[in-house]
Amino acid sequence: MTGSIDAALLMGGFEAAFGLVESGQKGTAEGLCALAAAGKTVECCLLIDLQEISVDAKDGQGVPAAVLAAKAGHFDTAMAFYERGADANACGPDGLTSLCVAAEAGHTETVKALVLFGAKDAEGKAASAVPASKKQIVKEINRAVPAADKLAAMSEKFKAQGNKVFGQSEFAKATKLYSAAVSHQPKNHVPFSNRSACLFNNQKYLEAFSDACRCVNLNPKWAKGYFRKGSCLHMLKQPAAALQVCNAGLKVEKGNADLKKLKVQLEKETVGGKKGKK
């Protein structure tokens, strides 16, 4: 990899990498591919969501980053690309898509999600790769995708189920349900916001930050997304950046109580050089 941001992310240094992002340095498509192959989900999202590096980036051999992740067994990382609009039918020179890889690995839930993201098995490669013990996956591969209105209704159903268990503090269950909501309607900002809240409450602040960024990108006119993003940055010890996000959110909704409260707290912490601790 050539970029210093890429190297910082691959080494797992969020603070260093975020500082480079804030200073205006850019990551690279090459770096994104290396991060995908290494299963660095959050780091990939940072480059996609904050740096706007193409979600369909390919490595030097022409293999899409999402497929690199799938081939390395990092299906969660691959899903992050497809949630952000990557071409679910893209493949490398060998003709293998993520659907083929997931089918061969017997990952039923991944196959289901990929089909919802638009993956097709036009040549039958995925179906022929399914292990004998997992033949039910073939049905999922060939399942027709519901119409947009039905997908929206199903997404809403999963979101409502997620809200119920979230209210019971079952954040892991809620996260899965919100992920299902995202799979059915990936351009809806609300499930990303809700999943961010789940991850935040489980103290997975980096993952929560990624979802919050996606939420804001999808709907920059929705103040709650800025609150999610700012809260994550606060917990990631980035108070100055969190304050900037709060100010951006208050431009969208001047009277938002959550953002105003967070801003007051951040201003207290940034004055005098304090470093974002609660």
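Where is Lys237 found? In this predicted model, Lys237 belongs to the loop that joins α15 (223-235) to α16 (239-252). The backbone at this point is a little unusual to look at, for Lys237 is a residue other than glycine and yet has a positive phi, near 65°. Its relative accessible area is 45%, so Lys237 is partly exposed.

A second residue invites the same kind of look. Gln203 is not a glycine, but its phi is positive, at about 60°. The loop between α13 and α14 is the place of Gln203. Because its relative accessibility is 59%, and exposed means over 50%, Gln203 counts as exposed.

With these two loops located, the whole chain can be described. The chain contains 17 helices and 0 strands. Its radius of gyration is 19 Å, close to the 19 Å that the globule rule gives for 278 residues, so the chain is as compact as a globular protein of that length. Measured out along the principal axes, the C-alpha trace spans about 65 × 45 × 25 Å. Of the 278 residues in the chain, 50% count as buried. Among contacts in the chain with a separation of 6 or more, 62% are accounted for by residues 24 or more positions apart. The accessible surface of the chain comes to about 13,200 Å², and carbon and sulfur atoms hold 52% of this surface.

Two helices give a view of the buried part of the chain. In helix α3 (residues 29-37), the buried residues are Gly31, Leu32, Cys33, Leu35 and Ala36. The cover over these buried residues of α3 includes α1 (4-10), α4, α5 and α6. Gly39 follows α3 and has a positive phi, near 75°.

Helix α8 can be read in a similar way. Thr108, Thr110, Val111, Ala113, Leu114 and Val115 are buried in α8. The buried residues of this helix pack against α6, α7 (98-105), α10 (136-141) and α12. Just after α8 comes Gly118, with a positive phi of about 105°.

Attention now turns to the empty space in the model. Rolling a probe the size of a water molecule over the atoms shows where such space is left. The largest pocket holds about 1,200 Å³ of space. Its lining is made up of 39 residues, and those nearest the centre of the pocket are Glu83, Ser179, Ala180, Ser183 and Arg195. Several helices each supply at least two residues of this lining: α4 (41-51), α6 (75-83), α8 (108-116), α11 (148-167), α12 (171-184), α13 (189-201) and α14 (205-218). Helix α8, with its buried residues listed above, is thus also one of the helices that contribute to the lining of the largest pocket. Sorted by class, the pocket lining has 16 nonpolar, 10 polar and 13 charged residues.

Besides the pocket, there are enclosed spaces to consider. Across the whole structure, a search finds 2 cavities of 30 Å³ or more. The largest cavity contains about 40 Å³ of space. Val55, Asp56, Ala57, Pro64, Ala65, Ala66, Val67, Tyr82, Ala86, Asp87 and Ala90 form its lining. Helix α5 (residues 65-71) provides the largest share of that lining, with 3 residues. By class, the lining of the largest cavity divides into 9 nonpolar residues, no polar ones and 2 charged ones.

The second largest cavity has about 30 Å³ of space. Around this cavity lie Phe14, Val42, Cys45, Leu46, Asp49, Phe209, Ser210 and Cys213, which line it. Two or more residues of this lining come from each of α4 and α14. The helix that gives the most is α4, with 4 residues. In this second lining, 6 residues are nonpolar, 1 is polar and 1 is charged. Both α4 and α14 also appear among the helices that supply at least two residues to the lining of the largest pocket.

Definitions and conventions: Residues are numbered from 1 along each chain as its sequence is written. This is a predicted model: local features need pLDDT of at least 70, side-chain atom pairs count only at pLDDT 80 or more; totals for chains, interfaces and linings use all residues. Side-chain values use heavy atoms; hydrogens and water are left out. On a 1 Å grid over the protein atoms alone, a cavity is a set of points where a 1.4 Å probe fits but cannot get out, and a pocket is an open set with protein on both sides within 12 Å along at least five of seven lines; lining residues have an atom within 4 Å of a point. Grid points are joined across faces, edges and corners, and a volume is the space filled by probe spheres set on the points. Ala, Val, Leu, Ile, Met, Phe, Trp, Tyr, Cys and Pro count as nonpolar, Asp, Glu, Lys and Arg as charged, and the others, Gly among them, as polar. The radius of gyration is taken over C-alpha atoms; the globule rule is 2.2 Å times the number of residues to the power 0.38. Buried means under 20% relative accessible area, exposed over 50%, partly exposed in between (1.4 Å probe, protein chains only). Contact means heavy atoms within 4.5 Å. Accessible areas come from the Shrake-Rupley method with a 1.4 Å probe; for residues, only the protein chains shown count as cover.
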